[in-house]
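Here is a friendly walk through one protein chain, from its overall build to a few chosen details. Have the structure open beside you as you read.

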Amino acid sequence: MESQFPKKQILNEDGKLADDSYKIRLTEELVKSLYTKMLRARLFDRKGVNLQRQGRIGTYVPFEGQEAAQIGSAMAMGEGDWMFPTYRDHGATLTFGHSVKNVLLYWKGRQEGCIPPAGKNIFPPAVPIASQLLHAAGTAWAEKMKGTDRASIVYFGDGATSEGDFHEGLNFASVFNLPVVFFNQNNGFAISVPIEKQMKAKTIAQKALGYDIEGIRLDGNDVFSVYFHTKAAIDKARAGGGPTLIEAVTWRYGAHTTADDPSKYRDQNESLIRRETTDPLIRLEKYMKLENMWDTQWSADLEKELTAEIEAAVKEMENERPPHVNDMFDHVFAENPWTINDQKEAYALMRGE
């Protein structure tokens, strides 16, 4: 089955094109934009881990190593499209237009962190596994019924493919030929469970066969492959061609969350090796140097500029008003039922308010 779903690659590990037919489409503007957004995501991710270790935000979910998968796919989306992230896809949401401050507020435990900028159709991060696939299919159905050309993309890990919502989402999208891309980031582990102990299938892409939709498998550390193949899937969906299941094979260097110790179930030497051989940013940097797109001063200035942007957002996040206890009660229902009001009043009484 792996031979039927080979990993599609455009940029190899040495920074050279594995498929020269894309050469003409790789403008310096596009390449630098992809690199900029990947570096921004990596710097943000490292800052997030540091903030958690310093006690300045709550538990944080890192994604370093998966930048090509997130940024390449998010760059393929159009204005007005819909994005349905997991708790790990802040690289994608930032690329699609979410504010750095609000993403940080989310990890601070603030409900404001779920609110994207005006005009950006980004759902709150899904913590329940695979529930967001149904949201994506439903929204795609609504857009189709309204006659728009808007498409949805939904992110999920390999563990989500063992949930019923995964199968319901794909089946519904297949039956109604919906404009949705199911984007799987397969890093080989569902928290501590390796993929070979989770499924007998050799690939996730082959699961598309059961629903008679297109399934493709990508080198998820190749940002060119992710960008161009996701864009093709989005364009197909927009034109009425139906859903696509994309499996982006990647690797996350760090822990499942900052509350996790991956050394208990995974050989961390593998991450050290992959940093040297398959890292998405290093791969793109190699390409840029070969194509005379790389400038050392540009790189240094870019990192300085992005670091300043992130630090400014951290300041904004920490200068926000303190959370109020009513935030727990007032954002569940449009009108609170008596049970919620009783809890709210009891808590206020206990505090002497």
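## Overall build and core

In this predicted model, 51% of the 353 residues of the protein chain count as buried. The secondary structure comes to eleven helices and nine strands. For a chain of 353 residues, a compact globule would have a radius of gyration near 20 Å, and the 21 Å of this protein chain agrees with that.

Some whole-chain values are set out here for reference.

| Property of the protein chain | Value |
|---|---|
| Span of the C-alpha trace along its principal axes | about 70 × 50 × 45 Å |
| Exposed area | about 16400 Å² |
| Share of the exposed area from carbon and sulfur atoms | 52% |
| Distance between the mean positions of the 42 positive and 50 negative charges | 2 Å |

How far apart in sequence are the residues that meet in space? Taking contacts between residues at least 6 apart in sequence, 75% join residues at least 24 apart.

Now to the interior. The largest nonpolar core has 46 residues, and Phe224, Leu284 and Tyr287 are those with the most contacts inside it. Helices that each supply at least two residues of this core include H1 (28-53), H2 (67-75) and H4 (100-107), along with H7 (223-238), H9 (280-290) and H10 (296-318). H1 gives the largest share of the core, ten residues.

Tyr287 deserves a closer look. Beyond its neighbours within four places in sequence, Tyr287 is in contact with Leu11, Gly15, Leu17, Lys23, Leu26 and Val31, and also with Phe224 and Met293. One of these partners, Phe224, is itself listed with Tyr287 among the residues with the most contacts inside the core.

Why is H4 described as largely enclosed by the rest of the structure? Seven of its eight residues are buried, so H4 is largely enclosed. The buried residues of H4 are Val100, Asn102, Val103, Leu104, Leu105, Tyr106 and Trp107. They pack against H1, H10 and helix H3 (90-96). Just after H4 comes Gly109, with a positive phi of about 85 degrees.

A last stop is helix H11 (residues 338-350), where Ala348 is found. Is Ala348 buried or partly exposed? Its relative accessible area is 22%, and because buried means under 20%, Ala348 counts as partly exposed. The C-alpha atoms of Ala348 and Val325 are separated by 9.0 Å, with the two residues 23 apart along the chain.

Methods
Residues are numbered from 1 along each chain as its sequence is written. This is a predicted model: local features need pLDDT of at least 70, side-chain atom pairs count only at pLDDT 80 or more; totals for chains, interfaces and linings use all residues. Side-chain values use heavy atoms; hydrogens and water are left out. Helices (H or I, at least four residues) and strands (E, at least two) are DSSP runs, numbered from the N terminus. The radius of gyration is taken over C-alpha atoms; the globule rule is 2.2 Å times the number of residues to the power 0.38. Buried means under 20% relative accessible area, exposed over 50%, partly exposed in between (1.4 Å probe, protein chains only). Contact means heavy atoms within 4.5 Å. Accessible areas come from the Shrake-Rupley method with a 1.4 Å probe; for residues, only the protein chains shown count as cover. Lys and Arg count as positive and Asp and Glu as negative; His and the chain ends are not counted. The place of a charge is taken as NZ of Lys, CZ of Arg, CG of Asp or CD of Glu. A nonpolar core is a set of buried Ala, Val, Leu, Ile, Met, Phe, Trp, Tyr and Cys residues joined through side-chain atoms within 4.5 Å.
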